[in-house]
Amino acid sequence: MTQHDSPTLPAHRPGAPGQAPEAHDAPGPSRAARPWMPALLYTLGFLAVYLLAVCTPWGQRAENALFGLGKQGSEEAWIYPLSGAEYGSTPLPPMELSAKPTLMAGLAVIVVLTLVRRCWWPGCAALGVVLVTTGGKEVLKSHLPRPDLVGAPANLLDQGFPSGHTVIPAALTLAVVLVVSPRTRPYVASAGVLWLACIAAASATMGGHRPGEVLGATLLACACYGVAVWLLPSAAAPVATRSPRALTVVTLTAALAVALASGARDDTLTRSLVSGAAGFVCAALVWHAAVGRPARAARRTPPARG
């Protein structure tokens, strides 16, 4: 009767009837549940942001116009005392000179978690995400042209696509997600996206980067993460987990608040809102990449009943 009542049972079920399913029955999403499409979409998104924001006159005008709103410089930003730009202040990682130490500390955490949990394949994938993302940022930043299509002032011609400061929290968050346990993964991702929302919005509002540059950095990290998850062996892929629905609401609401506060300035509301919106979109992208897809995979593949 069980076989007739459960037409969705898999064709091959190891073990005796009534036996609890073994760990290898559902180690993680299969390649069918982990297609290459997300990585492709993130890559296309990266290219679209670059082409629209950097390679079109109206995209350049829109982003350059933000620098003309309010006073020049970053002193009017609320987060300026934590940026490290103020003399004697301690930078919020990875702002200013704390970028490299933050990256090194993040890599050390990944190595320690890999050794403790003995998750060799995910550990290698996590290191690959960080190294390829940060290294790719350097290559792209040096070789992607930024044509002057609108006769911009000399101080607006520097190439900053994608943003290096935004790449670090995005890549480290997605990398650590690969090596933590499934139960803690949503909470680690939640902390990471709040950090990212703060850094992305701060980078945009203080004039170090344009909104398109922080979005490009986040999409680059998501694309590298998507490729890493797709290439992982099925047995080593992240286990599909159902994150608490309330956690998504709380995380994204908190990310919006953090992004708006980090992007706020005393001299211009428009630039504050645009910077905050850019930080929030970055946070939402990483949350979707790290938690959104595995949660949907878990709902599509409920555990088999004995």
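Which side chain does Lys137 meet in a salt bridge? That would be Glu138, with 2.2 Å from N to O. Keep in mind that this is a predicted model, so every value below is computed from predicted coordinates. Here's a quick tour of the helix packing, the salt bridges, the backbone oddities and a greasy bit of surface.

**Helix pairs**

- Start with H6 (residues 164-179) and H8 (residues 211-231), which pack at an angle of about 25 degrees with their axes 8 Å apart. Since angles under 35 degrees count as roughly parallel, that makes H6 roughly parallel to H8.
- The H6 and H8 crossing is right-handed. On the H6 side, the contact is made by Thr166, Val167, Ala170, Ala171, Leu174, Val177 and Leu178. H8 brings Val214, Ala217, Thr218, Ala221, Cys222, Tyr225 and Val229 to that contact.
- Next up are H7 (residues 185-205) and H9 (residues 245-263), whose axes come within 8 Å and cross at roughly 20 degrees. That angle makes H7 roughly parallel to H9.
- H7 and H9 also cross in a right-handed way. If you want to pull up the H7 side of the contact, select Pro186, Tyr187, Ser190, Val193, Leu194, Ala197, Cys198, Ala201, Ala202 and Thr205. They meet Leu247, Thr251, Ala254, Ala255, Val258, Ala259, Ser262 and Gly263 in H9.
- Then there's H4 (99-117) with H5 (120-143). Their axes come within 8 Å and cross at roughly 165 degrees. Angles over 145 degrees count as roughly antiparallel, so H4 is roughly antiparallel to H5.
- H4 passes H5 in a left-handed crossing. From H4, the residues involved are Leu103, Leu107, Ile110, Val111, Thr114 and Leu115. Over in H5, they meet Trp120, Gly123, Ala126, Leu127, Val130, Leu131 and Thr134.

**Salt bridges**

- The structure holds five salt bridges. One of them is the Lys137 and Glu138 pair from the opening, at 2.2 Å from N to O.
- Lys71 forms a salt bridge too, with Glu76 as its partner. Here the closest N and O atoms are 3.5 Å apart.

**Backbone oddities**

- Pro93 and Pro94 are joined by a cis peptide bond, with omega at about 0 degrees. Pro94 sits in the loop between H3 (57-67) and H4.
- Glu96 is in the loop between H3 and H4 as well. Although Glu96 is not a glycine, its phi is positive, at about 50 degrees.
- Another cis peptide bond joins Phe161 and Pro162, where omega is about -5 degrees. You'll find Pro162 in the loop between H5 and H6.

**Nonpolar surface**

- Trp36, Met37, Leu40, Leu41, Leu44, Leu47 and Leu51 form a nonpolar patch on the surface. Together, these side chains' residues account for about 650 Å² of accessible area.
- To place the patch on the fold, look at Leu41, which lies in H2 (residues 37-54).

Terms used. Residues numbered from 1 in each chain as written. Predicted model: local features only at pLDDT ≥ 70, side-chain atom pairs only at ≥ 80, totals over all residues. Heavy atoms only, no water. Patch = residues over 30% accessible without salt bridge, like charges linked within 9 Å, V, L, I, M, F, W, Y side chains within 5 Å. Areas by Shrake-Rupley, 256 points an atom, 1.4 Å probe, with all protein chains shown as cover. Salt bridge = Lys/Arg side-chain N within 4 Å of Asp/Glu carboxyl O. Helix = DSSP H or I, 4+ residues; strand = E, 2+ residues; numbered from the N terminus. Axes fitted to C-alpha atoms, helices over the stretch in contact; angles between N-to-C directions. Parallel < 35°, antiparallel > 145°, perpendicular 65-115°, else oblique. Left-handed = near helix turned anticlockwise from the far one by under 90°. Contact = heavy atoms within 4.5 Å.
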